[in-house]
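Q: Could you take me through one part of this protein slowly, as if I were seeing a structure for the very first time? I would like to know where it sits and what surrounds it.

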Amino acid sequence: MAVVGIGQALNGDDAAGVKVAQALSRRQRAGRGGAAQPAPFSLLVVEAAHAPENCTGVIRRFAPHLVILVDAADMGDPPGTIRWLDWQDTSGLGASTHTLPPYLLARYLTTELSCDVALIGIQPKGTDLGGPVSPPVQRAVRAVGEGLAALLLTPPTPHSVHRL
């Protein structure tokens with residue numbers, strides 16, 4: 001499995017996907033030390049920034065069965081709203097600051113790698129150049145990062161079930 005954080009770190013809330021990937025990477029590295037158990041499966045975390053197409057080589061070599069893209073997405077919702085999106089329906093989403101829109105990346109990955117692609121969208125408040133990440137998007141980034149970490153980095157116990 002691969003998680004790909006997409007976004008322009010210099011454009012305020014557009015950094016949401018990258019920030020989720022950074023948080024997940026920190027949690028993944030922290031789990032490698034001490035007596036921590038390994039993740040229940042192999043996980044690649046990619047900070048793709050504003051040019052996710054530059055990361056397709058590393059994703060291709062990893063050959064995941066599932067790629068989860070995380071990106072700021074103007075869905076017309078209140079800032080900080082988190083939604084699973086069908087990538088095939090996202091060609092018209094606004095506020096893309098990427099050289100390759102996520103739906104084209106998803107189409108490429110599904111075609112070339114025969115993998116599934118999921119997209120988590122976080123509604124931005126502002127994407128002004130040099131702007132900060134807004135408090136509602138900071139909360140959403142934390143929630144998505146913690147949720148993915150719990151799901152992807154925590155070995156199952158006899159009383160838990162992980163479903164992907």
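A: Happy to! Let's start with helix 3, which lies across strand 1, strand 3 and strand 5 and runs at about 175 degrees to strand 3. Such angles are taken between N-to-C directions and run from 0 to 180 degrees, with axes as lines fitted to C-alpha atoms, for helices over the stretch in contact. Helices (H or I, at least four residues) and strands (E, at least two) are DSSP runs, numbered from the N terminus.

A word on the source: this is a predicted model, where local features need pLDDT of at least 70 and side-chain atom pairs count only at pLDDT 80 or more, while totals for chains, interfaces and linings use all residues. Residues are numbered from 1 along each chain as its sequence is written, and side-chain values use heavy atoms, leaving out hydrogens and water.

Now for the helix itself. Helix 3 covers residues 102-113, and its 12 residues reach 16 Å from first C-alpha to last. That is close to the 16 Å expected at 1.5 Å a residue, where the expected span is 1.5 Å times one less than the number of residues.

Which residues of helix 3 are buried? They are Pro102, Tyr103, Leu105, Ala106, Leu109 and Leu113; buried means under 20% relative accessible area, with a 1.4 Å probe and protein chains only. These residues sit on the same side of helix 3 because they cover an arc of only 160 degrees around the axis, an arc of the directions from the helix axis to the C-beta atoms. An α-helix has 3.6 residues a turn, so residues three or four places apart point the same way.

What do those buried residues pack against? Their partners are strand 1 (2-6), helix 2 (56-62), strand 3 (66-72) and strand 5 (116-122), with contact meaning heavy atoms within 4.5 Å. Just after helix 3 comes Ser114, which has a positive phi, near 50 degrees.

Let's look at the sheet too. Its five strands form an open sheet in the order 2-1-3-5-4, with mixed pairing; two strands pair if DSSP finds at least two bridges between them. At the edges are strand 2 (44-49) and strand 4 (82-85), each pairing on one side only. From one strand to the next, the twist averages 20 degrees. Strand 1 and strand 3 are parallel partners over four bridges, and Gly5 stands opposite Val70 in strand 3. Helix 4 also packs on the sheet, touching strand 1, strand 3, strand 4 and strand 5.

Key. Buried means under 20% relative accessible area, exposed over 50%, partly exposed in between (1.4 Å probe, protein chains only).
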